[in-house]
Amino acid sequence: MKGQAEQQKGATKTVKKVKTTNKSAPVRLWVKAVFTGFRRSKVQQNENQALLKIEHVNDVASSRFYWGKRVAYIYKAHSLKNNTKFRAIWGRISKSHGSNGVVTARFGRNLPPRAIGSTLRVFLYPNRA
């Protein structure tokens with residue numbers, strides 16, 4: 001009995017640490033927007049001004065926050081470039097359009113017409129606050 005007690009004192013238990021992964025969603029630094037079309041009149045359209053409807057933005061006051069924010073249209077091409085098939089066209093939100101929270105954006109290269117109805121990413125930088 002005395003020998004068993006000494007063995008228990010001398011033996012140390014090793015606890016194996018299990019690495020836990022974060023099960024929550026990653027932080028997203030962008031907001032979804034839909035490219036609704038180009039800014040236009042009855043007879044002509046300006047391809048250098050794209051109209052975007054930002055998610056959860058329904059009035060001019062809330063659209064002002066996004067003025068100056070950067071926008072990316074990300075698409076997939078057939079050929080590899082820089083070891084990826086994904087490409088991006090970058091732009092910037094310039095002003096509001098109408099009273100329902102639609103904004104006007106200008107892009108480095110004009111968005112293609114096939115992008116109408118697709119999702120764009122409005123990044124939350126640069127921050128003016």
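Let's start in the middle of a sheet: Ile74 has Ala88, in strand 4, as its bridge partner. Bear in mind as we go that this is a predicted model. That one bridge belongs to a longer stretch of pairing, since strand 3 and strand 4 run antiparallel to each other and share eight bridges. Between these two strands sit just two residues, giving a hairpin, and Asn82 in the turn has a positive phi of about 55°.

Strand 3 has another partner too. It pairs with strand 6, again in the antiparallel sense, through two bridges. If you'd like to find that spot, look for Val71, whose bridge partner in strand 6 is Val122.

Now for the inside. The largest nonpolar core has 20 residues, and among those with the most contacts inside it are Phe35, Leu52, Ile93 and Leu120. Strands 1, 2, 3, 4, 5 and 6 each give two or more residues to this core. Which strand gives the most? That's strand 1, with four residues.

Phe35 is a good residue to linger on. Leaving out residues up to four places away in sequence, Phe35 touches Ala50, Leu51 and Leu52, and also Leu111, Pro112, Ala115, Ile116, Gly117, Ser118 and Leu120. Phe35 also forms an aromatic pair with Phe38, edge-to-face, with 5.3 Å from centre to centre and 75° between the planes. Both of these phenylalanines are buried.

That pair is one of five aromatic pairs in the whole structure. Another joins Phe123 and Tyr125: their ring centres are 5.5 Å apart and their planes are at 40°, so this pair counts as tilted. Are these two residues buried or exposed? Phe123 is buried, because its relative accessible area is 11%, under the 20% cut-off. Tyr125, at 41%, counts as partly exposed, because that value falls between 20% and 50%. Add Trp90 to Phe123 and Tyr125, and you have one aromatic cluster.

Rings meet charges here as well. The charged end of Arg121 sits over the ring of Trp30, 4.3 Å from its centre. Arg114 does likewise with Tyr75, its charged end sitting over the ring at 5.7 Å from the centre.

One last stop is Thr104, which you'll find in strand 5, residues 102–107. Thr104 counts as buried because its relative accessibility is 1%. Setting aside neighbours within four places in sequence, the residues in contact with Thr104 include Arg39, Gln49, Ala50 and Leu51, along with Arg92, Ile93, Ser94 and His97.

Definitions and conventions:
Residues are numbered from 1 along each chain as its sequence is written. This is a predicted model: local features need pLDDT of at least 70, side-chain atom pairs count only at pLDDT 80 or more; totals for chains, interfaces and linings use all residues. Side-chain values use heavy atoms; hydrogens and water are left out. Buried means under 20% relative accessible area, exposed over 50%, partly exposed in between (1.4 Å probe, protein chains only). Contact means heavy atoms within 4.5 Å. A nonpolar core is a set of buried Ala, Val, Leu, Ile, Met, Phe, Trp, Tyr and Cys residues joined through side-chain atoms within 4.5 Å. Two strands pair if DSSP finds at least two bridges between them. Rings of Phe, Tyr and Trp (its six-membered ring) pair if their centres lie within 6.5 Å; planes under 30 degrees apart count as stacked, over 60 as edge-to-face and the rest as tilted. A charge sits over a ring if NZ of Lys or CZ of Arg is within 6 Å of the ring centre and within 35 degrees of the ring normal.
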